[in-house]
Amino acid sequence: MENFHVDEDIKKAETLPATFYRSDEVFELLKERVFKSSYQWFGSLDDLLPQESYVKPLLFVEGHLEEPFFIRKDAKLGLTCFSNVCTHRGNLIFHHEGVSKRIACGYHGRTWKTDGEFKLMPEFKDVEGFPRSCDHLKSFQTAQLGPQLFVGIEPNIDIENVLSKMNERIGFLPLNEFKFDPSQSKDYLVNCHWALYCDNYLEGFHIPFVHEDLNAALDYGSYTTELFEKGSLQIGYSSGGEEVFDLPSGHPDEGKAVAAYYYWLFPNMMFNFYPWGLSVNVVRPISKNKTRVLFRSYVWDESKLSAGAGAVLDKVEREDEFVVEGVQKGLQSHTYKTGRFSPTREQGVHHFHRALAYCLKGSR
Ligand code: FES
Ligand SMILES: [Fe+2]
């Protein structure tokens with residue numbers, strides 16, 4: 001496979017080449033090297049597990065990796081997270097969500113304790129060397145930003161560091177009071193490689209060219225990008241008169257007119273905080289030419305929904321779709337190979353391309 005390299009110095013670096021987005025081999029390798037070792041966001045725990053002993057079966061990167069697991073709210077243990085695959089012959093343990101006091105496989109009756117330890121198996125008393133450690137349920141990592149749940153299957157990301165970077169700026173917000181609003185939530189199918197959708201999100205460079213309304217709400221000159229390990233933050237400042245955060249004293253941006261905090265978490269998640277609440281975007285690969293993008297809104301202050309940078313989410317998304325699908329087509333050309341980065345406006349894309357190239361080298 002081609003050796004992808006993105007120079008550390010943005011002034012010298014070239015973007016990931018078109019061949020990166022065109023290759024089936026790269027697409028598959030990213031699944032293994034990037035998604036398998038990532039954390040993924042699954043929603044607010046209050047919505048996922050509404051009562052004690054509630055079980056919710058989920059898929060890790062639905063439509064792509066599809067690793068089955070379940071989360072459960074246990075009276076003693078609190079939140080637990082286990083593989084949803086029976087350790088006997090691989091049946092799914094839970095098919096539906098709901099209250100379940102016990103963990104049992106419906107195929108041949110294997111059961112586990114609520115902490116995942118093997119408990120009972122009919123007709124197995126003559127089996128030698130049983131149970132083995134792999135007969136217990138495999139547990140998976142969880143992390144939380146307020147009530148928002150993240151799960152990792154084989155993570156190699158320091159998620160606590162990422163979340164603490166986020167908390168530096170949005171920690172003052174009462175995330176527990178944010179309520180999921182289905183009317184403000186939808187899925188978009190976009191004809192592009194998943195990484196292209198992220199590339200576009202990671203720079204505000206295109207805002208004046210692509211997003212007329214958003215550009216009117218934001219002060220393009222002061223738009224900033226900050227990078228951190230496995231993530232980045234873009235800050236949109238208000239151009240005046242628009243909704244801004246009421247920042248507490250001692251806040252790093254105290255006195256500034258912040259209209260939006262756009263957090264990106266490697267490899268495919270966006271957490272956009274607006275004065276009205278939070279819009280989460282998850283970019284899910286379907287194929288190298290097709291991507292599903294989930295928009296999920298959590299509203300805190302409804303009265304602010306119709307003003308400022310967070311007021312035109314659907315329109316902005318459609319505008320982004322248009323340019324990203326244009327890039328997808330352009331990258332099929334045999335004359336375009338690679339581009340360069342703007343050192344002042346494309347730090348986020350450079351940071352992402354570096355991380356992807358690093359994963360493809362096999363280094364962790
Ligand atoms: S597959 Fe679960 S008990 Fe047999
Ligand atoms: Fe955009």
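Buried here means under 20% relative accessible area. With that in hand, load the model, which is a predicted one, and start with a residue that the cut-off decides.

**Stop 1: Lys230 and Val61**

Select Lys230. You'll find it in the loop between strand 13 (224–228) and strand 14. Its relative accessible area is 18%, so Lys230 counts as buried. Now check the backbone: phi is positive, about 65°, although Lys230 is not a glycine. For context, most residues other than glycine have a negative phi, and most peptide bonds are trans.

Val61 makes a good companion. Head for the loop between strand 2 (54–60) and strand 3 (67–74). Val61 isn't a glycine either, yet it has a positive phi of about 55°. Val61 is buried because its relative accessibility is 3%.

**Stop 2: the cis peptide bonds**

Stay with the backbone and pick Phe130 and Pro131. The peptide bond from Phe130 to Pro131 is cis, with omega near -5°. Pro131 belongs to the loop between strand 8 and strand 9.

Then jump to Phe266 and Pro267, where the peptide bond is cis with omega near 5°. Here the loop is the one between strand 15 and strand 16 (269–274), and Pro267 sits in it.

**Stop 3: aromatic rings**

Turn on side chains and look at the rings. There are 27 aromatic pairs in the structure. Go back to Phe130 and add Phe118: the two form an edge-to-face pair, 5.0 Å centre to centre, with 85° between the planes. The partners come from distant parts of the chain, with Phe118 in strand 8 (residues 118–120) and Phe130 in the loop between strand 8 and strand 9 (141–145), twelve residues apart. Which of these two is buried, and which is partly exposed? Phe118 is buried, at a relative accessible area of 10%, whereas Phe130 is partly exposed at 21% relative accessibility.

Next, select Phe172 and Phe245. Their ring centres are 6.4 Å apart and their planes stand at 80°, so this pair is edge-to-face. It links distant parts of the chain too: Phe172 is in the loop between helix 4 (159–170) and strand 11 (179–180), while Phe245 is in the loop between strand 14 (231–237) and strand 15 (258–265), 73 residues apart. Phe172 is partly exposed, with a relative accessible area of 29%, and Phe245 is buried at 7% relative accessibility.

For a group of rings, select Phe35, Trp194, Trp264, Phe266 and Phe352, which ring pairs link into a cluster. You've met Phe266 already, on one side of a cis peptide bond.

**Stop 4: charges over rings**

Two arginines are worth a click. Arg110 has its charged end over the ring of Phe124, 5.3 Å from the ring's centre. Over at Tyr220, Arg345 lies over the face of the ring, at 3.8 Å from the ring centre.

**Stop 5: the iron ion**

Select ligand 2, an iron ion. What coordinates the iron ion (ligand 2)? The donors are His206 (NE2), His211 (NE2) and two OD entries from Asp320, at 2.0 to 2.7 Å. Before you assign a geometry, check the angles: they run from 53 to 149° among the four donor atoms, and the site is irregular. Along the sequence, the donor residues follow the spacing H-x4-H-x108-D. His206 and Asp320 bring together distant parts of the chain: His206 is in the loop between helix 5 (194–201) and helix 6 (207–210), and Asp320 is in helix 8 (residues 313–330), 114 residues apart. Both His206 and Asp320 are buried.

**Stop 6: the domains**

Zoom out and colour by domain: domain 1 covers 39–144 and domain 2 covers 159–360. Their C-alpha centres lie 34 Å apart. In the contacts between them, twelve residues of domain 1 meet 15 residues of domain 2.

Now pick Gln148 in strand 10 (residues 148–152). With a relative accessible area of 3%, Gln148 is buried. Leaving out residues up to four places away in sequence, Gln148 touches Trp41, Gly43, Ser44, Ala143, Leu278 and Tyr298.

**Last stop: Val99**

Finish in strand 5 (residues 98–99), at Val99. Val99 is partly exposed, with a relative accessible area of 46%. Beyond its neighbours within four places in sequence, Val99 contacts Gln51, Glu52, Ser53 and Tyr54. Draw a C-alpha to C-alpha distance from Val99 to Tyr54 and you get 4.2 Å, for residues 45 apart in sequence.

Notes: Residues numbered from 1 in each chain as written. Chains lettered and ligands numbered in written order. Predicted model: local features only at pLDDT ≥ 70, side-chain atom pairs only at ≥ 80, totals over all residues. Heavy atoms only, no water. Donors = N, O, S within 2.8 Å, 3.2 Å for Na, K, Ca; no water. Tetrahedral: all angles 85-135°; square planar, octahedral: opposite > 155°, others 65-115°. Helix = DSSP H or I, 4+ residues; strand = E, 2+ residues; numbered from the N terminus. Buried < 20%, exposed > 50% of the residue type's maximum accessible area, 1.4 Å probe, protein only. Phe/Tyr/Trp six-rings, centres within 6.5 Å; stacked < 30°, edge-to-face > 60°. Lys NZ or Arg CZ within 6 Å of the ring centre and 35° of its normal. Contact = heavy atoms within 4.5 Å. Domains from an automatic or database assignment.
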